[in-house]
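Biologist: I should like to learn how to read the features of a protein model. May we go through them one at a time, with the general idea before the particular case?

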Amino acid sequence: MIKFIADISADIPKEIAEQRGLAIMPFCITADDDETFVAGIDYTPQMFYDKLKTMKGVPKTGQTPLDCIEETYRKVGANGDQIIHVAIPEEGSGTINSCRMIAKRLNEEEGFDITIVDSRTYSFANGFHVLAAMDMAEQGKARDEIVEYLEKSYSRDRAYFSVDDLTFLKKGGRIKATTATFAKALDIKPILRTNEGLVEVIDKVRGTKKSISKMVDYAVEKMDDPTNNEVIILESECPEKVEFMKKQLEEKLHPAKITTIDIGPIITCHAGTNVIGIFFKHKEEA
């Protein structure tokens, strides 16, 4: 049997992870008062949104403790099952290198069978393909075929985000303070894209509705077979933006399904709340 591990940055809802028997690797978060807490499967996005409102500064993410990684591997692989762990990108955290080190030791010294896949992306753009890979395993697909699917999908597909408040990106050192001030004054909304483990600015538009329309236009241009595929709306405490995006998607694209997923604590640490994004399966490149 093949068992799967994702981490908390994949933003897979708790109820889905529990229903599917998916193990979730936690992450450490340090608040402004140096309080460190572990965000795992029981730490919901709403819990973090509420906590964020009481913080004075910008929280920081930290690597998963080594003993926690090993404990997770031992628990999931206790019956000799193969393990596929889809991890946060190497560009976003050193955790994956710790995972590789521990997996290598367990594989070589104790006969574990752990394969680690770099997701190259964040939030449910990661989690979506984890669940699809689990479907493949349930259909009897072999590990190598599943890993090939994951690597191809993560290389092809992107998520797009619009950040309403640049304070977190500014304090986190991801944009210049002068850029943030200028953007706020002119109501400029940067559109961000995940790309090979990095997050990059690909466009700037003026106003929230224009930024959402722009992201929907990306889906119209790049989405593979909309009438048979799903669009994922990624959001953190912005229901009005979600409704506007849904309306735009229904008018312009007519996808088979639209699903809304809460952005979890790892991304929120770096972007704040009131963030909206979109993810979908992209067309194959010619």
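Modeller: Certainly. Please keep in mind throughout that this is a predicted model. Let us begin with one helix: in α5, the residues F124, A125, N126, G127, H129, V130, L131, A132, A133, M134 and M136 are buried.

Biologist: How many of the residues of α5 are buried, and what follows from that?

Modeller: Eleven of the 15 residues of α5 are buried, so the helix is largely enclosed by the rest of the structure. As a general idea, an α-helix has 3.6 residues a turn, so residues three or four places apart point the same way. As for length, α5 reaches 21 Å from its first C-alpha to its last, close to the 21 Å expected at 1.5 Å a residue. Just after α5, G140 takes a positive phi of about 90°.

Biologist: Which residues does V130 touch, leaving aside its neighbours within four places in sequence?

Modeller: V130 is found in helix α5 and counts as buried, at 0% relative accessibility. With those neighbours left aside, V130 is in contact with A6, I12, L22, V86, L150 and Y154. One may also compare positions along the chain with positions in space: V130 and S119 are eleven residues apart along the chain, and their C-alpha atoms are separated by 9.1 Å.

Biologist: Which residues of the largest nonpolar core touch the most other members?

Modeller: That core has 49 residues, and I12, L22, I84 and L234 are the ones that touch the most other members. Helix α5 supplies the largest share of this core, seven residues. Another core, of 19 residues, lies apart from it; M215, Y218, A219 and I278 are among its members.

Biologist: What does I12 touch beyond its neighbours in sequence?

Modeller: Leaving aside residues within four places in sequence, I12 is in contact with A6, A17, L22, F124, G127, V130 and L131.

Biologist: How should I read a pair of aromatic rings?

Modeller: A pair of aromatic rings is described by the distance of the centres and the angle of the planes. Here the structure holds five aromatic pairs. In one of them, the rings of F128 and F279 have centres 5.5 Å apart and planes at 65°, so this pair is edge-to-face. F128 lies in helix α5 and F279 in strand β13, so the pair ties together parts that are 151 residues apart in sequence. F279 is buried, with a relative accessible area of 1%.

Modeller: Y160 and F280 form a pair that is stacked, with 5.9 Å from centre to centre and 15° between the planes. This pair also links distant parts of the chain, with Y160 in strand β8 and F280 in strand β13, 120 residues apart. Both Y160 and F280 are buried. In addition, F124, F128 and F279 form one aromatic cluster.

Biologist: How many disulfides does the structure hold?

Modeller: A disulfide is a covalent bond between the sulfur atoms of two cysteines. This structure holds zero disulfides.

Biologist: Why does C68 not form such a bond?

Modeller: The sulfur of C68 is 7.6 Å from the closest cysteine sulfur, in C28, and this is too far for a bond. C68 counts as buried, at 18% relative accessibility. For C238, the closest cysteine sulfur is in C269, at 17 Å, which is also too far for a bond. C238 is buried too, with a relative accessible area of 3%.

Biologist: Is E70 buried or exposed?

Modeller: E70 is buried, with a relative accessible area of 19%. Its place is in helix α3. The side chains of E70 and R105 are joined by a polar contact of 2.6 Å. Not counting residues up to four places away in sequence, E70 touches I102, R105 and L106.

Biologist: Finally, what should I look for in the backbone angle phi?

Modeller: Most residues other than glycine have a negative phi. E237 is not a glycine, yet it has a positive phi of about 55°. E237 is found in the loop between β11 and α10 and counts as partly exposed, at 29% relative accessibility. N274, likewise not a glycine, has a positive phi of about 60°. N274 lies in the loop between α11 and β13, and at 24% relative accessibility N274 counts as partly exposed.

Terms used: Residues numbered from 1 in each chain as written. Predicted model: local features only at pLDDT ≥ 70, side-chain atom pairs only at ≥ 80, totals over all residues. Heavy atoms only, no water. Core = buried A, V, L, I, M, F, W, Y, C linked by side-chain atoms within 4.5 Å. Buried < 20%, exposed > 50% of the residue type's maximum accessible area, 1.4 Å probe, protein only. Helix = DSSP H or I, 4+ residues; strand = E, 2+ residues; numbered from the N terminus. Contact = heavy atoms within 4.5 Å. Polar contact = N/O pair within 3.5 Å; in protein donor to acceptor, adjacent residues only side chain to side chain. Disulfide = S-S within 2.5 Å. Phe/Tyr/Trp six-rings, centres within 6.5 Å; stacked < 30°, edge-to-face > 60°. Expected span 1.5 Å × (residues − 1).
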